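Please open the model in your viewer and keep a selection panel at hand. The stops below move from backbone features to enclosed space.

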Amino acid sequence: MAAVAAAMRRRLVLVLVLSAAELGASGTPQPPNILLLLMDDMGWGDLGVYGEPSRETPNLDRMAAEGMLFPNFYTASPLCSPSRAALLTGRLPIRNGFYTTNAQARNAYTPQEVVGGIPDTELLLPALLKRAGYVSKIVGKWHLGHRPQFHPLKHGFDEWFGSPNCHFGPYDNKARPNIPVYRDWEMVGRFYEEFPINPKTGEANLTQIYLQEALVFIKRQQAAQRPFFLYWAIDATHAPVYASKPFLGTSQRGRYGDAVREIDDSVGKILDLLQDLKITENTLVFFTSDNGAALISAPRQGGSNGPFLCGKQTTFEGGMREPAIVWWPGRIPAGQVSHQLGSIMDLFTTSLSLAGLELPSDRVIDGLDLLPAMLQGQLTDRPIFYYRGNTLMAVTLGQYKAHFWTWTNSWEEFRQGIDFCPGQNVSGVTTHTQEEHTKLPLIFHLGRDPGERYPLSFASTEYLNALRRITPVVQQHQEALVPGQPQLNVCNQAVMNWAPPGCEKLGKCLTPPESVPEKCSWPH
């Protein structure tokens, strides 16, 4: 009976989605457009609607007032590259290969010396959406590998304007090249050169450039009456933080707040365009972040994780819980709050559902279809797994979170001033050695204790009942898990962005050093 009821619910949701479809140029129903707005290192507490006291995000707050807020929404990794791989594949990084086995529980990503990237065996969202006629564009940071075989246009995207890596720099182009900026297949310049970022003032026009790329793409696809997928993955809130001149010095929060204000203004312009084009009822917009705020860079270059513990790089709530807003006027009732446990991987599954496509049947998909939650207020019981590299650190089920391992970073790093939890030491929880709790997990009730400061007593009935629920879920997950081939183990200075495609046209090709593959070092 449960299976029949679930099938009926899916059919009802499909009817609701199809009723939202407009007619395309051929007169056939056109599936909804999809805009995924992914921020970089933006924290749960950075928006007014989430309680940020300066109230400097009127457009995002309006988006939430006109849409639905997900206060219990999670990333799949406390770091950039693995979380982006999870979003676009619907799969945990341990499955899609975006992790390292060089050491236990290490955060790894794709700086330009990393040899690996997104495997050809992974099916990415834009490639699948093509089957429903979507045109897809990525604007901003790709971060799933910078070598030619990992190019986003080889993995389903039709257009790209942005960079393969983060905007670190400036470099001298001798020991290390500056990061290239691409238009589609070829580079059109480099950060700190053709695309300047002032390291002293933080002035850069990148957010404005990324905004225009989004607006032009939307107008073009609407004029052609083609369904579109826009993945707007901008990085102004990642240190070194930047903003354009009109926004610098305008925030109560300093330069980080300036960047947030410019992003908020840009989101407002995107939503206004959708309204002007009269396509809001056929366009779903989802706003979230790749991981928690980088407290190591705060307060000048980092954001706020609100009431949650620690930040980026950790599997405490501050590193994994993200701001999340969905906006679909006329389809999702205004002013809603969903307490569904959500994941960034759900955006993959939900997008395929919107497009009327089936999930790939030859692999495990970790994402949940959020349309029942969005359209009907339905809640689905599901676990959230917190991985750090190759290690399952914690799981949340319902209101209860169980930690099997705790670790912030090493004592050595901490004594050097590298602190992922500034001002938040919790004895026995924010540990500087890797502490195992697999036999007796630390369990917190996140409703009463969102800051993970008061673990339940091991002897309490509440603890035993929570453990009894969580244990079989974790056992089932671990017994069935087949890890993917790790992509983030090998580094080589010779594979950096010395001579990207198109460099010869610009006279920007650089000579790489001798190829010397080596194990990547991931300190935390």
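Begin by selecting Pro240, which sits in the loop that runs between strand E10 (228-233) and helix H7 (255-276). As you inspect this predicted model, display the backbone on the N-terminal side as well, since Ala239 and Pro240 are joined by a cis peptide bond whose omega is about 0°.

Next, select Pro170, placed in the loop between strand E7 (159-163) and strand E8 (180-183). Here, too, the bond to inspect is a cis peptide bond, linking Gly169 and Pro170 with omega about -5°. As background, most peptide bonds are trans, and most residues other than glycine have a negative phi.

With the second part of that background in mind, go to Tyr192, in the loop between strand E9 (186-190) and helix H6 (206-224). Tyr192 is not a glycine, yet its phi is positive, about 70°. Is Tyr192 buried or exposed? Its relative accessible area is 15%, so Tyr192 counts as buried, the cut-off being under 20%.

Then select Gln313, in the loop between strand E11 (283-289) and helix H8 (317-320). Gln313 has a positive phi near 85°, again in a residue other than glycine, and it is buried, with a relative accessible area of 12%.

Finally, turn to the enclosed space, where the structure has three cavities of 30 Å³ or more. The largest cavity holds about 70 Å³, and a selection including Phe98, Tyr99, Arg106, Asn107 and Tyr387 shows part of its lining. Taken as a whole, the lining of this largest cavity comprises seven nonpolar residues, four polar and one charged.

Technical notes. Residues are numbered from 1 along each chain as its sequence is written. This is a predicted model: local features need pLDDT of at least 70, side-chain atom pairs count only at pLDDT 80 or more; totals for chains, interfaces and linings use all residues. Side-chain values use heavy atoms; hydrogens and water are left out. On a 1 Å grid over the protein atoms alone, a cavity is a set of points where a 1.4 Å probe fits but cannot get out, and a pocket is an open set with protein on both sides within 12 Å along at least five of seven lines; lining residues have an atom within 4 Å of a point. Grid points are joined across faces, edges and corners, and a volume is the space filled by probe spheres set on the points. Ala, Val, Leu, Ile, Met, Phe, Trp, Tyr, Cys and Pro count as nonpolar, Asp, Glu, Lys and Arg as charged, and the others, Gly among them, as polar. Helices (H or I, at least four residues) and strands (E, at least two) are DSSP runs, numbered from the N terminus. Buried means under 20% relative accessible area, exposed over 50%, partly exposed in between (1.4 Å probe, protein chains only).
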